[in-house]
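Thanks for making the time this morning. I would like to walk through one model with you, so please bring it up on your screens before I begin.

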Amino acid sequence: MRRTTVVLAGLSVAIAVGACGARGRTPAEPTPSPSAPVERPAAGEHQLSLTHGGVERTYQLYAPAGYDPARPTALVIALHFYPGSGSGIREMVGLDAVADRENVLVAYPDGQNGGFNALICCGTGDDVGFLRALTEHLVKTWRADPDRVYLTGISNGGDMSFRAAVEADGLFAAVGVVSGGYSGPRTAPEDYVPDSPVSVITFIGGQDQYAGAFAEGVRTWQRRLGCRPKAAPRVPGPQRISRTDATCADGSDVTVYTLPEMGHRWPGARSGQLADADAGLVATELIWDFFAAHPRRAR
């Protein structure tokens, strides 16, 4: 099964593809009500749930000390690898520290049975619908700013970020994909791209067994959206890390970091199963900088 932990990396892609379900876009559904007890927006750590499609879905929400429920606040949703959990990616990537500094809400959803129904694997649930329902709930109840909603993820969560960028049209201003890609049967149609602008920042490890598929997926994304390369700053350091930038016909941007010595990891993370503290850059900081520069654009 592709984009899993190291333990599962040996399973065949063919089996993983079969787990993805039917191709096609997920229709929007009415926003469900959150599970009891009634939520009271406030700073702090919150263990919450939301019922979507008759299934109770759990997530953690971190609201920084400066959070004010009377003011619109940027929101980052972070998606874990497979098998994994919201708490696992939360502990690994350090987004809570960014939230404290930048006054941002961060949500960490749990996939069903440890995974998300992304482009290659891992599940059959309506995760696009769930992410839409979760975002709409956080906008309504927690005053997340609908023009500053962002999605990031690693591995299976990275694949899911690409799927949601396409199928949850107009919801996410930008996505940050780490060791994940835009590939698989769902992406075969030429029109499988966002109708509204979604900017992308992604990190590809040269030692990742899926590096070729990730790079090809980015090229396909850029070709379909009419993206043109532009000058990118040099990445300092001895690791030969490269960066490319492009601006697309719809006004969205694509930034790609290629790390030749890195495997299937999150660069700069200091702990956790897929952490790479010595990668030469800190993806979490670069992702937030990219998000902050890319509020939602009108189509």
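**Around G86 and the cores**

Let me start with G86, which touches Q60, H80, Y108, P109 and D110, leaving aside residues up to four places away in sequence. I should say at once that this is a predicted model, and that what follows should be heard with that in mind.

G86 lies in helix 2, and it is buried, because its relative accessible area is 0%, where the cut-off for buried is under 20%. If you look for G111, you will find it 25 residues away from G86 in sequence, while the C-alpha to C-alpha distance between the two is 7.9 Å. Helix 2 covers residues 86–93, and its buried residues are G86, I89, R90, M92 and V93; after the helix comes G94, which has a positive phi, near 75°.

Let me turn now to the nonpolar cores. In general, nonpolar side chains in soluble globular proteins tend to be buried together. Here the largest nonpolar core has 51 residues, and the members that touch the most others are I77, L138, F172 and W221. Which helix gives the most to this core? That is helix 4, with seven residues. As for I77, its contacts, again not counting residues up to four places away in sequence, are A107, P109, L131, L134, T135, Y150, L151, T152 and F172. There is also a second core, separate from this one, with 36 residues, and V104, Y108, A283 and F291 are among them.

Helix 4 deserves a further look, together with helix 5. The axes of helix 4, residues 127–142, and helix 5, residues 156–167, come within 10 Å and cross at roughly 75°, which means that helix 4 is roughly perpendicular to helix 5, given that angles of 65 to 115 degrees fall in that class. On the helix 4 side the contact is made by D127, V128, L131 and R132, and these meet M160, R163, A164 and E167 in helix 5. By type, the residues of this contact divide into four nonpolar and four charged, with no polar ones.

The last stop is S49, which has its place in strand 1, residues 44–52. Is S49 buried or exposed? S49 is buried, because its relative accessible area is 13% and the limit is under 20%. The side chain of S49 makes a polar contact with the side chain of E56, at 3.2 Å.

Conventions. Residues numbered from 1 in each chain as written. Predicted model: local features only at pLDDT ≥ 70, side-chain atom pairs only at ≥ 80, totals over all residues. Heavy atoms only, no water. Axes fitted to C-alpha atoms, helices over the stretch in contact; angles between N-to-C directions. Helix = DSSP H or I, 4+ residues; strand = E, 2+ residues; numbered from the N terminus. Parallel < 35°, antiparallel > 145°, perpendicular 65-115°, else oblique. Contact = heavy atoms within 4.5 Å. Nonpolar A, V, L, I, M, F, W, Y, C, P; charged D, E, K, R; others polar. Buried < 20%, exposed > 50% of the residue type's maximum accessible area, 1.4 Å probe, protein only. Polar contact = N/O pair within 3.5 Å; in protein donor to acceptor, adjacent residues only side chain to side chain. Core = buried A, V, L, I, M, F, W, Y, C linked by side-chain atoms within 4.5 Å.
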